[in-house]
Amino acid sequence: MKIQNKKANFLYYILDTYECGIELKGTEIKSIRKGSCDIRDSFAIIKNNEVFLLNMYIAKYEEGNQFNHDERRTRKLLLHKHEIKKLKDKKEKERLTLIPLEVYFKGSNAKVLLGICKGKKIYDKRETIKQRDLERENKRRL
């Protein structure tokens, strides 16, 4: 089970990736296992030497009744202190953004693949579309 941010490759240059854990409640983990999660509009911020994931949508678990969670609550990402320091330095120096690329399970734990990204300009996006069309034509010809 992988939940991917497919638009991230189109909108950003992905410079580096980090695998990190995510702090979730019981009903959130059950909803992610069902596949009802969306990371398309989410991003990460660094606050007080901690990394938080904002705007990640996890649907309410149907059998969760009163113990259900808020769908778009801020969730803490679990990284080592030296990794957070590296991320903070890169983000401040080069004006980069932290975007979740995938949510997946490693054993019984949910993991987030966090990408350090730089936004593409409009002409870069056009170039990406052009390259994709050329590749598609070459595959048809073969």
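## Thr 27 and helix H2

Thr 27 has a relative accessibility of 10% and therefore counts as buried. The residue belongs to helix H2, which covers residues 26-34. Apart from residues up to four places away in sequence, Thr 27 touches Tyr 61, Gly 64, Phe 67, Asn 68 and His 69. These values, like those below, come from a predicted model.

Arg 33 lies over the face of Phe 105, with a distance of 4.3 Å from the ring centre. The count of aromatic pairs, by contrast, is zero.

## The chain overall

The protein chain contains four helices and nine strands. Along the sequence they follow the pattern β-α-β-α-β-β-β-β-β-α-β-β-α. The C-alpha trace spans about 55 × 40 × 25 Å along its principal axes.

The chain has 142 residues, of which 35% count as buried. Of the contacts between residues at least 6 apart in sequence, 69% join residues at least 24 apart.

## Strand E8 and its partners

Strand E8 covers residues 97-106. Eight of its 10 residues are buried, so E8 is largely enclosed by the rest of the structure. Strand E1 (residues 2-4) pairs with E8 in the antiparallel sense over three bridges. Strand E9 (residues 109-119) is also antiparallel to E8, and nine bridges join these two strands.

Glu 102 has a bridge partner in each of the two strands: Gln 4 of E1 pairs with Glu 102, and Leu 113 is the partner of Glu 102 in E9. E8 and E9 form a hairpin with two residues between the strands, where Gly 107 takes a positive phi near 70 degrees.

## Thr 97

Thr 97 lies in E8. Its relative accessibility is 33%, so Thr 97 counts as partly exposed. Beyond residues up to four places away in sequence, Thr 97 touches Tyr 12, Gly 115, Ile 116 and Cys 117. Gly 115, Ile 116 and Cys 117 fall within the range of E9, residues 109-119.

Leu 134 is 37 residues from Thr 97 in sequence, and their C-alpha atoms are 30 Å apart in space.

## Strands E4, E5 and E7

E4 (43-47) and strand E5 (residues 50-54) run antiparallel and are joined by five bridges. Within this pairing, Ile 45 has Phe 52 of E5 as its bridge partner. The two strands form a hairpin with two residues between them, and Asn 48 in the turn has a positive phi of about 55 degrees.

E5 also pairs with strand E7 (residues 75-78), in the antiparallel sense and over three bridges. In this pairing Leu 53 stands opposite Arg 75 of E7.

## Ser 42

Where in the chain does Ser 42 lie? Ser 42 is in the loop between strand E3 (37-38) and strand E4 (43-47). At 3% relative accessibility, Ser 42 is classed as buried. The side chain of Ser 42 reaches the backbone oxygen of Ile 39 at 2.9 Å.

If neighbours within four places in sequence are left aside, Ser 42 is in contact with Leu 54, Asn 55, Met 56, Ile 99 and Pro 100. Leu 54 is in the range of E5, residues 50-54, and Ile 99 and Pro 100 are in the range of E8, residues 97-106.

## Cysteines

How many disulfides does the model contain? The count is zero. Cys 37 is in no disulfide, and the nearest cysteine sulfur, in Cys 20, is 13 Å away. With a relative accessibility of 12%, Cys 37 counts as buried.

Why is Cys 117 without a bond to another cysteine? The closest cysteine sulfur to that of Cys 117 belongs to Cys 20 and is 13 Å away, which is too far for a bond; a disulfide needs the two sulfur atoms within 2.5 Å. Cys 117 is also buried, at 1% relative accessibility.

Notes: Residues numbered from 1 in each chain as written. Predicted model: local features only at pLDDT ≥ 70, side-chain atom pairs only at ≥ 80, totals over all residues. Heavy atoms only, no water. Buried < 20%, exposed > 50% of the residue type's maximum accessible area, 1.4 Å probe, protein only. Polar contact = N/O pair within 3.5 Å; in protein donor to acceptor, adjacent residues only side chain to side chain. Contact = heavy atoms within 4.5 Å. Pairing = 2+ DSSP bridges. Phe/Tyr/Trp six-rings, centres within 6.5 Å; stacked < 30°, edge-to-face > 60°. Lys NZ or Arg CZ within 6 Å of the ring centre and 35° of its normal.
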